[in-house]
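Visitor: I'd like someone to walk me through this structure and tell me where the labels come from. Could we take it one step at a time?

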Amino acid sequence: MAEPRLRHLLVTGGAGFIGSAFVRQRLAQDAEINITVLDKLTYAGSEENLAEVARDPRLRFIRGDICDPATVEPLTREVDAIVNFAAESHVDRSLLDAGAFVQTDVYGTYVLLEAARHSRHQRFLQVSTDEVYGHVKDGRRREEDPLDPRSPYSSTKAGAEMLVRAYHISHGLPTLITRGSNTYGPYQFPEKIIPLFITNALQQVPLPIYGDGSAVRDYLYVDDHVNAIARVLWKGQPGTAYNVGGGTEVSGVKVADSVLQACGRPGSLKHFVKDRPGHDYRYALDIRRIRSMGWEPRVNFQDGMRLTVDWYRQNDAWWRKRKSADFWNYYQQNYRGLPANAIPD
Ligand code: NAD
Ligand code: TYD
């Protein structure tokens, strides 16, 4: 199948962690590309994440909500593909209040699909997650395996996927889905385990490990993830989902140990707290499909951690701003069993 000629992308959620990495990478690697970023700038998004490319004339930033058809429709008419990163993305927050997840992750995806249907786009890529498969007891999940989401977050991502699939089948929309594993690297909001543990270690406050710390994740460096998304966007087969995994299995305790070692902090900062309700203990992907398209993860966990720790060390102001009073309020609501010195002065 001939590759589509994509000259102008609408990147929703492009001011977040992975979306901004995708925008930076595409602008650096493709001289022909123009990008419109549509982002609501929730607590997780910021124009600062695009500061490196803010002056690039090929980039346009629009603050707006994917749930608002009046914002979305005119923009979709100007582009030839949509890459949807916009989402509420943190499991723990979905356990405290799932409303925004249902709204953005499901309804917002529907608004984008409707707009894409009327614009006869060449591609609609939905950025999904390995969490839609749920807890994986044995083996590795393949793309045709049933979805079995178990958290409000993963359920809304699975719901969005079902809509994407339906628009392909019912309306012939050329859709693609990527199911990425746990991603880490620069510019990640310090609520997910790796940036939370790095910044806590730098602040010399305890690292809260859920349960006994044995749950494993397949960590994927952000540059590898966005490379895979680009590969699928241009070379993927419409109507198909692609697993994107780093091929690692790292436990919570191991993440804490690697962070403490890289930051030169003592093991005594490890602190075991009450387990996450409904905790998925293992995610594991079979990545043969995307491998056959010539994609491989290039950054191993050790190198990725080194790059990430260096970035957080060098960008103290970026993460300190995000660990504000609102953040610590969320923190106290979320974690059960924190020690007295859990929050910095
Ligand atoms: P993030 O939370 O850092 O960024 C999400 C972005 O979406 C933010 O910029 C936010 O402002 C924006 N947004 C939220 N609601 C919006 C709305 N209604 N309208 C417009 N913009 C809105 O998330 P991330 O980690 O960069 O994840 C991006 C995507 O990748 C998500 O769809 C997520 O489900 C998926 N994903 C994430 C991971 C991971 O480990 N972080 C792994 C696999 C897949
Ligand atoms: P997280 O980064 O929230 O991603 P996921 O969406 O996969 O849940 O959590 C990754 C793993 O780390 C998961 O097993 C839960 C665990 N975890 C902790 O032990 N402590 C924490 O403070 C956080 C945020 C996560």
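Guide: Sure, and keep in mind that this is a predicted model. Let's start at ligand 2, where one of its nitrogen atoms sits 2.8 Å from a polar backbone atom of P208.

Visitor: What makes that nitrogen of ligand 2 and the backbone atom of P208 a polar contact?

Guide: The cut-off is 3.5 Å for a pair of N or O atoms. The P208 pair is at 2.8 Å, so it counts as a polar contact. Side chains join in too: a polar atom of E131 lies 2.5 Å from an oxygen of ligand 2, and an N or O atom in the side chain of H279 is 2.8 Å from an oxygen of that ligand.

Visitor: How much of ligand 2 does the protein bury?

Guide: On its own, ligand 2 exposes 510 Å², and the protein buries 97% of that. The elements that give two or more residues to its shell are α3 (91-96), α6 (193-203) and β8 (207-210). There are 20 residues around ligand 2, and E131, N182, R217, R276 and Y335 come nearest.

Visitor: And ligand 1? What makes K157 a polar partner of ligand 1?

Guide: An N or O atom in the side chain of K157 is 2.7 Å from an oxygen of ligand 1. That is within 3.5 Å, so the pair is a polar contact. Backbone atoms take part as well: one from G16 lies 3.0 Å from a ligand 1 oxygen, and a polar one from F85 is also listed at 3.0 Å from an oxygen of the ligand. Of the 830 Å² of accessible area that ligand 1 has alone, the protein covers 97%.

Visitor: Which element gives the most to the shell around ligand 1?

Guide: That's β5, with three residues. The shell holds 30 residues, and the closest are I18, D39, S89, Y153 and K157.

Visitor: R123 is in strand β5. How do you know that R123 has no salt bridge?

Guide: A salt bridge needs the charged atoms within 4 Å. For R123, the nearest side chain of opposite charge is E3, 8.1 Å away, so there is no salt bridge, even though R123 is buried. The R123 side chain does reach the backbone oxygen of L233, at 3.1 Å. Among the residues R123 touches further off in sequence are M1, D80, P174 and W234.

Visitor: Why is W328 called buried?

Guide: Buried means under 20% relative accessible area. W328 has 10%, so it qualifies. W328 lies in helix α12 (residues 325-334). Beyond its sequence neighbours, W328 is in contact with N200, Q203, K323, A342, I343 and P344.

Visitor: Why does Q204 count as exposed?

Guide: Exposed means over 50%. Q204 comes in at 51%, so it counts as exposed. Q204 lies in the loop between α6 and β8.

Visitor: Which residues does Q204 touch, leaving out those up to four places away in sequence?

Guide: R265 and L269. The C-alpha atoms of Q204 and L269 are separated by 7.5 Å, although the two residues are 65 apart along the chain.

Visitor: And how far apart are W328 and D105 in space?

Guide: They are 25 Å apart, C-alpha to C-alpha, with their places 223 residues apart in sequence.

Note on methods. Residues numbered from 1 in each chain as written. Chains lettered and ligands numbered in written order. Predicted model: local features only at pLDDT ≥ 70, side-chain atom pairs only at ≥ 80, totals over all residues. Heavy atoms only, no water. Helix = DSSP H or I, 4+ residues; strand = E, 2+ residues; numbered from the N terminus. Buried < 20%, exposed > 50% of the residue type's maximum accessible area, 1.4 Å probe, protein only. Lys, Arg positive; Asp, Glu negative; His and termini not counted. Polar contact = N/O pair within 3.5 Å; in protein donor to acceptor, adjacent residues only side chain to side chain. Contact = heavy atoms within 4.5 Å. Near = heavy atom within 4 Å. Areas by Shrake-Rupley, 256 points an atom, 1.4 Å probe, with all protein chains shown as cover.
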